[in-house]
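Trainee: Got a minute? I'd like to go through this one with you.
Mentor: Sure, pull it up and ask away.

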Amino acid sequence: MERALKLAARGLYTTTPNPRVGCVLVKDGVVVGEGWHERAGEGHAEVRALALARGAAQGATAYVTLEPCTHHGRTPPCVQALIASRVARVVSAMKDPNPLVAGKGVEALQAAGIVAETGLLEAQARELNVGFIARMTRGRPWVRVKIAASLDGRTALASGRSQWITGEAARRDGHRWRARACAVLTGIGTVRDDDPQLNVRDVETPRQPVRIVVDGRLETPLQARVMGPGTLIATVSADAVRAAALREHGAELIVVPGTADRVDLAALMHELGRRHYNEVHVEAGRTLNGALLAAGLADELLIYFAPLALGDTARGMFALPALEALDGARRFRMREVRRIGEDVRLIARMAED
């Protein structure tokens with residue numbers, strides 16, 4: 001199963017909106033076939049492994065990182081392929097959270113006389129597909145908020161300038177997290193202050209994530225570097241003239257519910273879930289970061305701390321209402337602390353998750 005998980009991780013940047021899945025076929029202690037799902041519309045991990053194994057699959061055990069599918073999508077069900085190959089046993093790391101499968105794969109295998117088990121290295125398998133699981137179980141993506149900050153928790157000078165707080169190694173690592181996401185999201189303030197590109201440049205990837213700007217009043221400059229094909233602008237504005245100009249420059253507009261000039265972020269996330277986005281990578285300023293946190297939409301924090309101090313006049317990480325007591329603070333679970341070049345990367349998740 002460890003080998004299957006490593007194979008599944010090869011699809012980290014490519015499988016969206018499908019899950020990352022790996023499969024290893026073992027017979028008499030020997031690997032006779034293996035495969036992984038690379039991209040939607042192409043063969044699933046089990047089919048690739050069976051193609052490599054051919055007749056040797058008969059009587060083998062299949063180790064799969066996700067319960068084999070039973071429904072017809074862009075490709076035929078993997079369960080049928082496993083049954084036809086006459087494998088003796090299928091071990092899945094976890095059940096498929098997709099309601100179209102959700103235990104039906106195991107039931108179909110057992111009905112065909114194949115031993116079917118789940119739960120081996122489940123925690124690792126869930127981490128690999130945290131976004132897919134989130135979308136399938138709650139209808140919205142996994143939201144990861146990336147922040148580059150000083151040791152005193154400041155993300156930009158008072159003027160808004162923030163390039164560059166962290167070093168090259170941390171920025172390159174940040175691009176790896178961008179690459180695995182379905183979309184990179186920012187706010188209009190960051191577009192105005194930093195004019196970011198929000199694409200993947202420092203690592204090789206065959207796919208660029210969608211770029212999303214939260215812009216309630218349609219203030220995105222037409223010449224902003226984030227503009228172009230593959231860019232979405234989420235807004236509440238009904239300004240037809242401005243909307244037409246942005247569309248002429250390649251952007252797609254998403255009009256979502258909101259109040260005054262503020263986008264309803266929960267509604268936006270459900271719309272992104274409807275569009276089959278698994279992971280959303282946020283690179284924004286304190287206003288949008290704080291709004292996501294306050295709305296309970298920030299699942300994970302990815303923070304790079306640089307060895308410098310910017311002082312109290314510099315901007316912070318989150319714009320949040322003042323607290324009167326510490327018991328009202330948002331709490332997180334620390335998951336990882338690692339040095340990246342001269343900086344330190346911290347990963348934390350909301351404590352109630």
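Trainee: Okay, which residue lies over the face of W164?
Mentor: That's R171, at 4.6 Å from the ring centre. Keep in mind that this is a predicted model.

Trainee: And what lies over the face of W36?
Mentor: R10 does, with 4.7 Å to the ring centre.

Trainee: How many aromatic pairs does the structure hold?
Mentor: Zero.

Trainee: Switching to helices. Which residues of α2 are buried?
Mentor: Helix α2 covers residues 45-53, and its buried ones are A45, E46, A49, L50 and A53. Looking down the axis of α2, they fall within an arc of 125°, so they line one face of the helix.

Trainee: What's exposed on the other side of α2?
Mentor: A51 and L52.

Trainee: And what covers the buried residues of α2?
Mentor: The cover includes three strands, β1 (22-27), β2 (30-36) and β3 (61-64), plus helix α3 (78-85).

Trainee: What follows α2?
Mentor: R54, and its phi is positive, near 55°.

Trainee: Now α9. Which of its residues are buried?
Mentor: In α9, residues 240-248, the buried ones are A243, A245 and L246. They sit on the same side of α9, because their arc around the axis is only 160°.

Trainee: What do they pack against?
Mentor: Two strands: the buried residues of α9 pack against β9 (231-235) and β10 (251-255).

Trainee: Which exposed residues are on the face turned away from that buried side?
Mentor: A240, V241 and E248.

Trainee: What happens at the start of α9?
Mentor: D239 has a side-chain oxygen that comes within 3.2 Å of the backbone nitrogen of V241. Just after the helix, G250 has a positive phi, about 100°.

Trainee: Last topic, β13. Are its faces covered or open?
Mentor: Both are covered. In β13 (residues 279-282), E279 and H281 are buried on one side, and V280 and V282 are buried on the other.

Trainee: Why do they split up like that?
Mentor: In a regular strand, side chains alternate between the two faces of the sheet.

Trainee: Which way do β6 and β13 run, parallel or antiparallel?
Mentor: Parallel, with four bridges joining β13 to β6, residues 142-150. V143 has V280 as its bridge partner in β13.

Trainee: And how many bridges are there between β7 and β13?
Mentor: Three, and the pairing with β7 (residues 183-187) is parallel. There, A183 stands opposite V280 of β13.

Note on methods
Residues are numbered from 1 along each chain as its sequence is written. This is a predicted model: local features need pLDDT of at least 70, side-chain atom pairs count only at pLDDT 80 or more; totals for chains, interfaces and linings use all residues. Side-chain values use heavy atoms; hydrogens and water are left out. Buried means under 20% relative accessible area, exposed over 50%, partly exposed in between (1.4 Å probe, protein chains only). The arc is that of the directions from the helix axis to the C-beta atoms. Contact means heavy atoms within 4.5 Å. A polar contact is a pair of N or O atoms within 3.5 Å; within protein, one must be able to donate a hydrogen and the other to accept it, and residues adjacent in sequence count only if both atoms are side-chain atoms. Two strands pair if DSSP finds at least two bridges between them. Rings of Phe, Tyr and Trp (its six-membered ring) pair if their centres lie within 6.5 Å; planes under 30 degrees apart count as stacked, over 60 as edge-to-face and the rest as tilted. A charge sits over a ring if NZ of Lys or CZ of Arg is within 6 Å of the ring centre and within 35 degrees of the ring normal.
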